Structures are given as C-alpha cells and as structure tokens.
Amino acid sequence: MIRATDLIKNANGARILRGVSFEVAPQTVLGIIGASGSGKTTLLRCLNGLERIDGGAIEFDSIRLEANLSAAEYSRRVKGLRKKVGTVFQHLYLFPHLTVLANIIEAPTHVLRVPKQQAESEAVALLDSVGLKEKARRYPETLSGGEQQRVAIARALAMHPALLMFDEPTSALDPKRSAGLRSLLRSTVSRGHTMVIVSHSIGFLEGLADQLLYMEGGEVVESGAAHQILNSPRDPRTKDFIEQAK
Amino acid sequence: MPSPVSKLLWIAACLLFSGNVSAQQPLRWGADPSGGAPYVYNDPNHPDQYIGYEKEMVDALAAAMGRKPEFAPSDWETLVSALQRKSFDVIVNGLEPTSDRQKQIQFSKPYYIFQLALTVRNGEQQIHSLADCKNRVVGTLGNTAASRLLQKENIPMRAYAEPLTAYRDLELKRIDAVIMDVPAEVFYVSKSTTLKRACEPFFRGTYNVGLRKGDDALKTEVDAAIDKIINDGSLEKILRKWGLWNDAQLELQKPAKAGEKNVDVGYDITSAAFNWREAIWRLTRAAFVTVLIAFGSMVIALVLGMPLAIGQWKGPRPVQWLCTIYVEFFRGTPVLVQLLFLYFGLPTIGLAMPAWLTALIGLGLNYAAYESQVYRAALEAIPRGQWEASYLLGMGPVLAFRRIILPQAFRIALPPMTNDFVSLFKDTSTAYAISVWELATAYRELANASGQFLLLGVAVSLYYLAMSLPMAHLARRLERKLQRREAIEAVEAEIN
Ligand SMILES: Nc1ncnc2c1ncn2[C@@H]1O[C@H](COP(=O)(O)OP(=O)(O)OP(=O)(O)O)[C@@H](O)[C@H]1O
Ligand SMILES: [Mg+2]
C-alpha cells in the first residue's frame, strides 16, 4: 500500500534520514520506535508531504514521490497523496476558533464539498464512535487532552483516509487512557484503515502493531513482525532499546 | 567690605539716577512670524533673523520709549491668551481692535489704517466684488477682520493659518478668491503672474498695539511713542520702504500733528458677537467632518494594511522590500509632513484634491502602515502547525488562510486595532495644517474668537469622547461576542 525506498532527508546540512526503506500492507499497523532524535517525526513529515525528500522514493498506490520532481509536480502529487493520508500530530493542532463539530466538518465541506447536513451527521457518527457525541458544540480548549486527541482522530477520519499516521499518540495520556486509545485504534483498523504509529511506548504498540521498525540515527536498524522484534530482536541495538523501554 | 547700610544707600542711588525703572526694561513684544510677511517674518537670507515693517516699527517705537525691543515669536491664534499669560507685554502683529478682543485686552491708538483686498485668478470673469462671492469659497486668515466680514456676509469661507497657503490654494482652484489685509496682499500678490485684484481695496480698519488690561502706564508710553514716530516721519519712512504707504495714513497724522491728544479713530470694525448656538452648530459640523475623516481613513487603513502585511510577510523579495519601505516611510515621518506633502506637493504633478479628501487619504495611507504591522504580528502569532494541519486536511493556502488563519489572527489583532482607531480619531486634528474644518480647528478658532477656552474645551472634549467611547465599546462587545460562545462552553465544561 505505501512503500518507502531509500528515503533521504537533509536539513541545514545534516542528513536526518539516511536511506529509510519499508513497506506497509493494507489494513495493517506499522509501529515505528526509536530513541529521541532518531528521525521518526521527520519520516512522518516526509510521508505526508510536509517535507520534501532529498533522495529515494515514496509510493502510495499509483502516486510516486521522488526527489528529482519539479516543485510544481511534487506539490501536485503531494495533493493527491494527502487525499489518502491523514495525520494526527503530537500537538494536535485543533482549530481553536471552531467548535468540535466545526473542526470535523471544516475540511469535508470546504475541500470535498460534502453538503453541510450530511457532513454534520457523519461527524456526529464519528464523534459517537470516539465517545464524544455530547461535546460536539464545545470548543477544543474546554476539553481534556485525551478528548482533544479523539477530536483530532475524528477530524482526520472525516476525510476518509486510507492511511492514518500518528506521532506519539500516548505522550499526553495516562495508562488507562492509552489503553482506551489502543482499543479505539484497533476498531478503526478493523474498519479497513491502515496505520503508521510512531511511539515511545512499546507497551502501547504491543498487540496493536503488526510490524515494527526500529530506527537509530536516521537509519532503519531492524524491522519485521512485531512479535519477532519484541521477543527476539536480531540486532543488539534493538535488543538494548527494547530492554531499556521495558 | 561695605556695610549693609552703605549697600542700601548705593541701591537707592541707583534707583534715583536711573529715573523711571521701567524705561530700562525691554519692550517685550509678541507676534507670529510664521507666514508673517510683511509684518514680521524670518529673513529668507538670514533665517535666524526677523524682518518686516512692524519689526522696524517696533524698533522705532522702542527707541522712542528708550527701551530695547525683545521679540517673542508666538502663534497668531493664541496671541491674546499669551499676552494675558504675560509671555510678553505688547502685541504688535497687525491686530485689529475688535470689540470681543476689547473685552479681554486693551489697545493703543492706531498706527496703521488698513484695507482689504480681494484677489482672484487672472482668468476670473465673474468676481468683481465681495458680493459676487456669495456662492463661492473665499479663503482668508482665521480670526481676522476679513474672516469676520465673510461670516457677517454669510460667504462660505476657508480659514488658513498663512497667507501663502491661501494664495496657493487659489492658484490651484481649490478656492475661488482670497480676501486679505492689503499689507499681506501687496507682499504676496503684487509680483504674482497668475493672480489679480478683483476690485479696488475696500473696508477700513486699524492696526493697534495690544496691551493687557491694567497696564495703563505702558499704554500711555506706547501711545506717546506712536505719536512720536508718526510726527517725526519715521513711520512713514518705514511704510514707504515696504510699499505700504498710502494717503489713508494721513488721517492718523492729522490729529497727531494738530497736537490733539488721544483721539481714537473709530472705524467700522466687524466683530463677531459670540453666539453659543452658532458655535455649537459649527462644532457639530466639525465633528461630522472628523467622523468622516476618521472612518474613511480607517477603512483605507484596514483594507490597504492587509496586502501590505501579506506582501511584507510572504511576498517575493522585491515586494517585501517595497512593503517595508512603505511601512518605514509612513511610520518614520510625521503625519503632519505627509499631509502637507500630499496637499501642496502633489498638485505640482497635477493631482489636486480637496483638503478633507487629502486628510482622509493621507491618514488612511499613514495608518495602513500601522495596521499592516498589527496584521503581520497577528498572522505571525498563529502557530505553523495550524497551517500544516490545514494542508494535511487537503486545504490549499488560500482556503487555509481564509478559514483557519485569518479568523484566529483577527482576534489577536482586534484590541490593537481598536487602540489605533482611537488614536486615529485624535490624529484627525493634524488636518488643521491643511485648513480642514474639523474639531480641533474649530476649537482653536472659536475659542480664540471668543476667549471661551474652558467651556468650548469641555464641549469639544465631550464631542471627542462621544465619538471614541462608542468605538471602544463596540470593539469590546465584538471581542466579547467572539469569546462568548467559548466562555459559555467553558462554564458548561466546569459544570460537567
Ligand atoms: N528542520 C530541521 N533542521 C535541522 N535539523 C532538524 C530539523 N528537523 C529535525 N532535525 C533534526 O533531525 C533529527 C531527527 O528529528 P526528529 O524530530 O525526526 O526526531 P524524532 O525521532 O521524532 O525524535 P523525538 O522522539 O524526540 O520526537 C534531530 O536530531 C533533529 O534535531
Ligand atoms: Mg518526534
């Protein structure tokens, strides 16, 4: 479904991604782990087109991004890519001047031109599925961190993305709430979504991710089936990281 | 070391031999030298020196009184109040002894008989007398015999601070005629190739020296000195030198030469009787002009500020530079200078606008520079993540800007925008420089004509407050309305 081949990203003269390759199959979850500064966020920003890659390629269905495209062509393809990829950032970036409901229907009504009523009933259904139906008329700042995160997930889902990407979704959640989030994500996957989840928390990914990818210094050290990486990592660096994280 | 007693004796001796103590005090005289030709003005060849026929006359008067003249440059509109505040002791500035001024100060005997001259453009066919000006606009200096005559005759008037600007506007066809005392007219028009007299000079009035009430000894001294310089011909010599001598002046000589004492020459002096109803009506009109200028220029500022802000913020390099130059130019130079430039500078390239429109556009251009900075700061305050979240939801830059960034920036910009608007209201007073009849101009002229500085000041302040308070109130309501829904939700959140 999405395939990255030898991704290279430079910033300010430093090489942040040094040839990252992986592939995510439809309706599976890829978990990305790695120490702080290993390039996980940068990788996500390349995948959703916020950063332009300096080498390698990203393929998503029939869309292909590569470094040597012209700026206009690159951004044209990124536009197509974004129709299929939704992202929930660590800092959710909800729109503070809009209610929860308006946050969710903003893009469907103005980008996809869905009629407002239809968008609203879809949004209410989404809010119901994340347990926030009663808070549709609230403003984001009046919600708790966990509630805000579920609004951000609903906002991304409202655009019907095939792939959903998360950056550190558990950083602001207590253990009970991260368990709740995990079951929410699992039910989302069962409805046919594919996911890439960057997380520090191996406990969170355990049982959620099908595949795991361990990064260090902008490189993929090891990747494979989640249970294999967690139980019998081949590379000593992966082993170190997982032992420390546990 | 002298004993205290001898010291006292010495002082007493000094007093005795010096005769009249006041004779040694300088003659402190006040006049407005700016645009003051030919009365008293800065010598164009020696800008630190003053010249003028009245300057020479005061020198002669002071010599006759055995004093040294000491000039206190002042402002025409506030001459009378400055005299009362003892900033100087006499006014010598072509001052007419009008009855309302006589309520505040006293006058010496006249030293000059003046007439009024009506000036029109060379091509003018229709205006041959003041009566022909009924439906025209006539320029003159504020608070003079001429301005009062126009008011009495109900002729539309533009009041100027300087003769030069009045004649300039006449040449630019912003007004149809200028009426001015003959001395100023002779100085400015006699060499002009574009202006001419509409008719022979008419009306007669006198210039007298203004003194504080109660300074009777000084008045006697000044009267005697005036007699002296009229009788010994030194005044005539000065007037002839400046081309101001005419036979009318002989009337002043006659009684003086016949030795008759203190004959005040009574002429028909037009004096504006102060009328509160009239004053309030004129203030109201001025307030309307103020509102018009303030709102009009704010609209320009708000509209023009946005492209400036975006150009300076996200535009290509050359656009960024141009916007920065614009902003720094308008913020870095006084708005007064900008207005004068627009009003007097632009006509030289064929762009002459009426004064109120010049003020409206000038203030608008000026405040656009400030508003652009308010916008830019507000736009830059929105986190980059808001843009990125919009892009990731498939929005383009225009949609993201309009729907996501702008509404958030507007809230940030609203309080400083309101502040700017209130200060813009106050800055409309700079339109005085180009003779727009707005509130501050109205206050100066009405108060100077009546001496009612306090009451009129209160009235004008009330007008300003009546205009700016609703603005501030409106802005606060808007701000609250924007936050109300959120506040309600916040309260609900507390309850839940
Ligand atoms: N715009 C940039 N310019 C220069 N260096 C950058 C830039 N963005 C990221 N980096 C560097 O790239 C490296 C990877 O950053 P990135 O944010 O992708 O790490 P991360 O794995 O997400 O870390 P964390 O777990 O702390 O979120 C870091 O060393 C960071 O300092
Ligand atoms: Mg990160």
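Leaving aside its neighbours within four places in sequence, which residues is B:H128 in contact with? Let's start there. The answer is B:A198 and B:C199. Keep in mind that this is a predicted model.

So where does B:H128 sit? Its place is the loop between β6 (105-121) and β7 (138-141) of chain B. Along the sequence, B:H128 and B:C199 are 71 residues apart. In space, their C-alpha atoms are 5.8 Å apart.

That brings up the cysteines. How many disulfides does the structure hold over all chains? Zero. B:C133 is in no disulfide. For B:C133, the nearest cysteine sulfur belongs to B:C199, and it is 8.4 Å away. A disulfide is a covalent bond between the sulfur atoms of two cysteines. At 8.4 Å from the closest cysteine sulfur, in B:C133, the sulfur of B:C199 is too far for a bond. Buried or exposed? B:C133 is buried, at a relative accessible area of 0%. B:C199 is buried too, with a value of 19%.

Now step back to chain B as a whole. Its secondary structure comes to 18 helices and eleven strands. The chain has 496 residues, and buried ones make up 50% of them. Now take the contacts in chain B between residues at least 6 apart in sequence. Of these, 72% join residues at least 24 apart.

Next, strand β6 of chain B. B:S108 lies in that strand. Its relative accessible area is 2%, so B:S108 is buried. What does B:S108 contact, leaving aside neighbours within four places in sequence? The list is B:N208, B:V209, B:L211, B:K219, B:V222, B:D223 and B:I226.

Strand β6 comes up again with helix α7 of chain B, residues 182-189. In that helix, B:V182, B:P183, B:A184, B:E185 and B:V189 are buried. What do the buried residues of α7(B) pack against? Two helices of chain B are on the list: α2 (53-65) and α6 (163-171). The strands are β6, β9 (177-181), β10 (195-197) and β11 (202-212).

On to helix pairs. In chain B, look at helix α11, residues 276-314, and helix α14, residues 355-381. They pack at an angle of about 40°, with their axes 5 Å apart. α11(B) and α14(B) are therefore oblique to each other. The crossing of α11(B) past α14(B) is right-handed. Which kinds of residue make up the contact of α11(B) with α14(B)? They divide into 22 nonpolar, seven polar and three charged.

One residue to pick out in helix α11 of chain B is B:A301. B:A301 counts as buried, at 0% relative accessibility. Not counting residues up to four places away in sequence, B:A301 touches B:G364, B:Y367, B:A368 and B:E371. Here is another distance to look at. B:A301 and B:G35 are 266 residues apart along the chain, and their C-alpha atoms are separated by 33 Å.

Over to chain A for a second pair. Helix α5 covers residues 145-157, and helix α6 covers residues 175-190. Their axes come within 12 Å and cross at roughly 10°. That makes α5(A) roughly parallel to α6(A). From α5(A), the contact is made by A:Q149, A:R150, A:I153 and A:L157. From α6(A), A:R177, A:L181, A:L184, A:L185 and A:T188 take part. The residues of this contact of α5(A) with α6(A) divide into five nonpolar, two polar and two charged.

Last topic: the backbone in the loops. Where is the place of B:P38? In the loop between β1 (27-31) and β2 (41-43) of chain B. The peptide bond from B:A37 to B:P38 is cis, with omega near -5°.

Then positive phi values. A:Y93 is not a glycine, yet its phi is positive, about 55°. A:Y93 lies in the loop between β6 (85-88) and α3 (100-110) of chain A. With a relative accessible area of 25%, A:Y93 is partly exposed. B:K86 is also a residue other than glycine, with a positive phi near 65°. Its place is the loop between α3 (79-84) and β5 (90-95) of chain B. At 55% relative accessibility, B:K86 counts as exposed.

How values were computed. Residues are numbered from 1 along each chain as its sequence is written. Chains are lettered from A and ligands numbered from 1 in the order in which they are written. This is a predicted model: local features need pLDDT of at least 70, side-chain atom pairs count only at pLDDT 80 or more; totals for chains, interfaces and linings use all residues. Side-chain values use heavy atoms; hydrogens and water are left out. Axes are lines fitted to C-alpha atoms, for helices over the stretch in contact, and angles run from 0 to 180 degrees between N-to-C directions. Helices (H or I, at least four residues) and strands (E, at least two) are DSSP runs, numbered from the N terminus. Angles under 35 degrees count as roughly parallel, over 145 as roughly antiparallel, 65 to 115 as roughly perpendicular and the rest as oblique. A crossing is left-handed if the near helix is turned anticlockwise from the far one by less than a right angle, and right-handed if clockwise. Ala, Val, Leu, Ile, Met, Phe, Trp, Tyr, Cys and Pro count as nonpolar, Asp, Glu, Lys and Arg as charged, and the others, Gly among them, as polar. A disulfide is a pair of cysteine sulfur atoms within 2.5 Å. Buried means under 20% relative accessible area, exposed over 50%, partly exposed in between (1.4 Å probe, protein chains only). Contact means heavy atoms within 4.5 Å.
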